[in-house]
Structures are given as structure tokens and as C-alpha cells.
Amino acid sequence: MSTERTPARRHPVRWHTGGPGGARRLLGRLRARLEEQQRAETHRMLEADMRGLWREACTGVGLCQYIDVAAGLTVRTPRFGALRLGRSGSSFTVELMPGGEPQDIEAHAPRLAHSLGFAGLRVQPVAGRWVRVVLHHHDPLASMFRLPHTVIGRADEAVLLGRAEDARLIEHALASPGHIAVQGQNGSGKTQLSYGLLAQLAAAADVLITGSDITGLLLGRVWDGSAHREWQVTGSRDLVAHAEHLDRLVAWMDQRLDAMPPRQDSITPTAQHPLVLVALEEFPGLLRAAQAKDRKLAERITSAVLRLLSEGRKAAFRVLMLAQRFEANAVGGGYARDQFALRLSFRVPADSLVMLHGDDARSLGTEHANAAPGIAYLSAPGHDCTRLRAAYVGGYGAFCDRIARDARRPDRRREDAA
Ligand SMILES: Nc1ncnc2c1ncn2[C@@H]1O[C@H](COP(=O)(O)OP(=O)(O)OP(=O)(O)O)[C@@H](O)[C@H]1O
Ligand SMILES: [Mg+2]
């Protein structure tokens, strides 16, 4: 008799691999560790590369100190700390040189970024003498920046001007003291920027949008039915109307200055006493046309604008002047030009850029002379030498739609102007 016995199944010894599936898990862990080591090695190599590039770039742009030691001349550059590679972007830390400031790096930002193979960089203070250099893969100025569909309710709320190279939003509150100058060649973006500004201000209860516009696009019929319309003069047929209108605004300003409450040296905008924005679209064009007709008329316009510029701040009057070039004799003299606190230049020749922004802008002159429409250079208190992409409302049609929807309607209870 024979008995058939099924041979017992041999199970692999598992005690050292951690039970069923242990070998697979072990292999997984080994693979992960290997990948981690490779990643760390790649990171170390990249960091070493970047450290070398940083040193060369700093030396190249002159962001270095030459130190004479016994062995010869050595170059000291801001010390590279650690590289961080993240999904949202890459950055590294840097220790400033003795006597150095973050602005020293910012001053050379475009050249340093290009030498490192990036489109731009931004400097953020970290702690003590250390800063973080954040690298941009794309130039934020290269892509269009659409103006969100927002309006402000009060003059002291900030309106959006645009987006800076480091992707920061650049804003400006109209209630803060200072007139606005915008220059740029034909088709560079002055009017589009102004469309955006006025569209954001149109609904504010304590802002009145007034001014003179020979083109009749920024002001005029688009504002029909709004509280602002009766304070706007357009077209180039009746130039006397522009002069009279500006005189009317000056008289209103004088009335406010005369009626200034005791112990107060400036008016705070309210719904009864709104901030008066005087937009002067293509102002040199208005002056030229007036000069061609009658020199006295041009002088009358110039002197009214000069008064608004020099005394308007206290009486809650702000001037927004647009010109292709802020040459002294085109905008009512050098004194008039000096009154603008917020200055924006779209594409202009290098000498025009320096004329409005001073010597700090000189290094950017050649590059900015070829800037695409909508790219502007800004100088203002608190914003040194900033390049930005102006917020784009979407053209004239979109501007008309926003004004029709948002512009404040007339309210007869308001201050009786002069
Ligand atoms: N911020 C912007 N983003 C994108 N495109 C823009 C921007 N600004 C202007 N543009 C483009 O440039 C064109 C011209 O702009 P705009 O009319 O504002 O120029 P301008 O400086 O007022 O010129 P002009 O001196 O002839 O009045 C616009 O029609 C638009 O296509
Ligand atoms: Mg224009």
C-alpha cells in the first residue's frame, strides 16, 4: 500500500525581511534612500555651481570689494549661503558685505539675474545681515496684467497701478499728497493706464473726476449721466472753454483755501467736499493749440494749471497730467514739472527718462527706450526706481462699460462749487 503524500510547501524564511512582503518594502526603502542621496548630491552640485556663478556675477557688476592681503589681491563678494529649490520658485540666502545694504543687490538685479540664468530676482531681508535672493523664471513684465473688476469707495483707498518686476502689486491712494505725471511716446500706454485709474475711482463717493481732454476719449461722452461729466471739457474746437473751465477749478480751489477750518492746513476729502482729480490728457497738445491761436490764452491755461499744481494739495485737488514728453516748456515750465510726486514713464527716449526721474534712471535708459506698450518706470515717495506692467483695463470698449456701470450718479446735496 502506498500513500501519496503531498510535499509540504516550503515557505521562504521571512524573519530578517519583516514578514510577508518585507523584501519588497526593503527594496522600496533602499530605492527611496538612493533617490534621496542622488537628490542631495544634485542639490550640492547645483548649489556649488550657483555659488560660483553668484561670485562671478557679483564681480562682473562690481558688487565686490578688493582686499589686499599678503598673498595678493582677493575679491570679496556677498557670501552665498544656502540654495532652496521649491515648486513655487528657487531662492538662496546671501550675507551682505560689511557696509552693504539690500539695495546694493537690487541696483544690479537685472544683470545679476541674467548672469545666473534667470529672468529677474527680488531681494527680501531675512535677519541681521542676511537676505534672501528670490529668482524669477519668467519676466512678470512680459505678460499682460488685467485690471481686476474693482472700484474703490473712498479717496484714501489705494488704486492699482500695476505689477512690478518682482510680482509685487504697485498701488497708490489718491488722497496721499502728490500730483501724477505720466509720459510716454505714441501708443506706449499712457491713456490705457489712465482708463484703469479713472475706472477704479469712478464710484468713490468723495472723488470728483474733472479736467480737460482735447481727445475726448478719456473724459467726455463716456461720462454722460455721471456726477463727473459737468466738470469735464473736451475737444479742440473751443479752446477758450478749456481755459474757462480751468479758471473755474482754480476759483473753487481758492474758495476752499479761504474757507479752511481753523487749526487745519489741508482739506480731508468727504462726500460734501470731494477730492477733485483734474485729468489733463495730452496737455502739451492743448498748450500748443492755444499758443497757435492766441498766446494770452496759452498763458492763461498755464497759469491756472500752475496754481492747481502748487496749491492744490492742501485743497484736496490732484492733477493727473499726460504728455508724450515732460519737457519744461511743453508742460508749463520746470517749476510745474517739479510739483509731481508720482511719476510714470512709458516708452521714452533715454534723455526723457532721466529728465523726469533723475540720474538714478540713467542705467535703464537704453532698455526702457524700447519697452513694450504698458511697461512703465515709476518713481514716487516710497517706490524707488520701480519698473511695472500697468494694469490693463482691456481697451476703450471695456473702459466705457466700466464707467457706464460704476460711475457715481449726480447728487444735488453736494458742496456748491464756485
Ligand atoms: N498695460 C497695457 N497692457 C497691454 N497692452 C497695452 C497696455 N497699455 C497699452 N497697451 C496697448 O498699447 C496701445 C496704445 O496704448 P495707449 O492708447 O494708452 O497709448 P498712449 O500712450 O496713450 O498713446 P498716444 O500718445 O498716441 O495717445 C493700446 O491700444 C494697447 O493695445
Ligand atoms: Mg493716449
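**Exercise 1: the partners of strand β9**

Task: In β13, find the bridge partner of Val182, and then describe how strand β9 is paired and whether its two faces are covered or not.

Solution. In this predicted model, local features need pLDDT of at least 70 and side-chain atom pairs count only at pLDDT 80 or more, whereas totals for chains, interfaces and linings use all residues; side-chain values use heavy atoms, with hydrogens and water left out. Residues are numbered from 1 along each chain as its sequence is written, while chains are lettered from A and ligands numbered from 1 in the order in which they are written.

Step 1. The bridge partner of Val182 in β13 is Leu322. Strands (DSSP runs of E, at least two residues) and helices (runs of H or I, at least four residues) are numbered from the N terminus.

Step 2. Strand β13 (residues 317–323) and β9 run parallel and are joined by four bridges, where pairing requires that DSSP finds at least two bridges between two strands.

Step 3. Strand β9 (residues 179–183) also pairs with β14, in the parallel sense and over five bridges. Here Val182 stands opposite Leu344, and His179 has Phe340 as its bridge partner.

Step 4. In a regular strand the side chains alternate between the two faces of the sheet. On one side of β9 lie His179, Ala181 and Gln183, and on the other Ile180 and Val182, all of them buried, so that both faces are covered. Buried means under 20% relative accessible area, exposed over 50%, and partly exposed in between, with a 1.4 Å probe and protein chains only.

**Exercise 2: strand β14 and its other neighbour**

Task: Decide how many residues of strand β14 are buried, and find which residue of β15 stands opposite Arg343.

Solution. Step 1. Strand β14 (residues 340–345) has five of its six residues buried, and it is therefore largely enclosed by the rest of the structure.

Step 2. Strand β15 (residues 375–380) runs antiparallel to β14, and three bridges join the two. Across this pairing, Arg343 stands opposite Ser379.

**Exercise 3: the two sides of helix α3**

Task: Sort residues of helix α3 into buried and exposed, and explain why the buried ones count as lying on one side.

Solution. Step 1. In helix α3 (residues 109–116), the buried residues are Ala109, Leu112, Ala113 and Leu116. Because these cover an arc of only 100° around the axis, they lie on the same side of α3; the arc is that of the directions from the helix axis to the C-beta atoms.

Step 2. Arg111 and His114 are exposed on the other side of α3.

Step 3. The cover over the buried residues of α3 includes α1 (22–61), β4 (90–95), α2 (102–107), β5 (120–127) and β6 (130–136), with contact taken as heavy atoms within 4.5 Å.

Step 4. After α3 comes Gly117, whose phi is positive, near 90°.

**Exercise 4: a pocket and a cavity**

Task: State which elements give two or more residues to the lining of the largest pocket, and which residues line the largest cavity.

Solution. Step 1. On a 1 Å grid over the protein atoms alone, a cavity is a set of points where a 1.4 Å probe fits but cannot get out, and a pocket is an open set with protein on both sides within 12 Å along at least five of seven lines; lining residues have an atom within 4 Å of a point. Grid points are joined across faces, edges and corners, and a volume is the space filled by probe spheres set on the points.

Step 2. The largest pocket, with a volume of about 1,100 Å³, is lined by 32 residues, of which Glu106, Ala109, Pro110, Glu165 and Cys385 lie nearest its centre. Two or more residues of this lining come from each of α2, α3, β5, α10 (365–368) and β16 (383–390), and β16 gives the most, with five.

Step 3. One cavity of 30 Å³ or more is found in a search of the whole structure, and the largest cavity has a volume of about 40 Å³. Its lining consists of Val159, His172, Leu174, Ile180, Leu197, Leu198, Leu201, Leu277 and Leu320. Helix α4 (residues 190–201) supplies the largest share of this lining, three residues.
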